[in-house]
Amino acid sequence: MTRDEILDTAKNLISGQRAQDYGDAFHNFDRIAKGWNIIVANTEGPLTAKHVALMMDWVKTCRLLETIDHQDSWIDKCGYSALGGSFNAE
């Protein structure tokens, strides 16, 4: 893909299907920021891979608050939890 094709695709997604699935981007990002601030505030030392798993799970939670039946987000939440949990073994 060319740069213009990539930008056109992104524009169509954020103004089309993603907007339909997840609602207003500012509102969604604001919810995500609030959750991430809680995670960071309860973290001692630098962020770790486990924190990233929590944060990505929160992104999917915020998306589900907008569209609770979005199956892909439920699956992604499970994936992030499995990955974060598996980091205990490393």
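Trainee: Which residues line the largest pocket?

Mentor: Happy to start there, keeping in mind that this is a predicted model. Two helices, α2 (17-22) and α3 (25-41), each give two or more residues to that lining. The full lining is made up of Ile 14, Arg 18, Ala 19, Tyr 22, Gly 23, Ala 25, Asn 28, Phe 29 and Arg 63.

Trainee: What volume does the largest pocket have?

Mentor: Rolling a probe the size of a water molecule over the atoms shows where empty space is left. For the largest pocket, the volume comes to about 210 Å³.

Trainee: How many residues of each class, nonpolar, polar and charged, are in the lining of the largest pocket?

Mentor: Tyr counts as nonpolar and Gly as polar in this scheme, so Tyr 22 and Gly 23 from the lining fall into those two classes. Sorted that way, the lining has 5 nonpolar, 2 polar and 2 charged residues.

Trainee: The charged end of Arg 63 sits over a ring; which residue has that ring?

Mentor: Arg 63 belongs to helix α4 (residues 49-66), and Arg 63 also helps line the largest pocket. The charged end of Arg 63 lies 4.2 Å from the centre of the ring in question. That ring belongs to Tyr 22.

Trainee: How many aromatic pairs are there?

Mentor: For a pair, the ring centres must lie within 6.5 Å. By this rule, the number of aromatic pairs is 0.

Trainee: Is Arg 63 buried or partly exposed?

Mentor: The relative accessible area of Arg 63 is 23%. Buried means under 20% and exposed means over 50%, so Arg 63, at 23%, counts as partly exposed.

Trainee: Which residues is Arg 63 in contact with, leaving aside its neighbours within four places in sequence?

Mentor: One of these contacts, Tyr 22, carries the ring under the charged end of Arg 63. Another, Asn 28, is found in helix α3, while Ser 73 lies in helix α5. With those neighbours left aside, the contacts of Arg 63 are Asp 21, Tyr 22, Asn 28 and Ser 73.

Trainee: Asn 28 keeps coming up. Is Asn 28 buried or exposed?

Mentor: Leaving aside neighbours within four places in sequence, Asn 28 is in contact with Tyr 22, Cys 62 and Arg 63. Its relative accessibility is 3%, and the cut-off for buried is under 20%. Asn 28 therefore counts as buried.

Trainee: And which residues does Ser 73 touch, not counting those up to four places away in sequence?

Mentor: Ser 73 is buried, at 1% relative accessibility. The C-alpha atoms of Ser 73 and Asp 57 are separated by 9.1 Å, and the two are 16 residues apart along the chain. The residues Ser 73 touches are Tyr 22, Lys 60, Arg 63 and Leu 64.

Trainee: What about Arg 31: which residues does Arg 31 touch, not counting those up to four places away in sequence?

Mentor: Arg 31 is part of helix α3. Because its relative accessibility is 18%, Arg 31 counts as buried. Its partners are Trp 58, Cys 62, Leu 65 and Glu 66.

Trainee: Last one: where is Tyr 80 found?

Mentor: Tyr 80 touches Ala 53, Met 56, Asp 57 and Lys 60, not counting residues up to four places away in sequence. With a relative accessible area of 23%, Tyr 80 is partly exposed. Tyr 80 is found in helix α5 (residues 71-86).

Terms used: Residues numbered from 1 in each chain as written. Predicted model: local features only at pLDDT ≥ 70, side-chain atom pairs only at ≥ 80, totals over all residues. Heavy atoms only, no water. 1 Å grid on protein atoms, 1.4 Å probe; cavity = no way out; pocket = protein on both sides within 12 Å on 5 of 7 lines; lining within 4 Å. Points joined across faces, edges and corners; volume = space filled by probe spheres on them. Helix = DSSP H or I, 4+ residues; strand = E, 2+ residues; numbered from the N terminus. Phe/Tyr/Trp six-rings, centres within 6.5 Å; stacked < 30°, edge-to-face > 60°. Lys NZ or Arg CZ within 6 Å of the ring centre and 35° of its normal. Buried < 20%, exposed > 50% of the residue type's maximum accessible area, 1.4 Å probe, protein only. Contact = heavy atoms within 4.5 Å.
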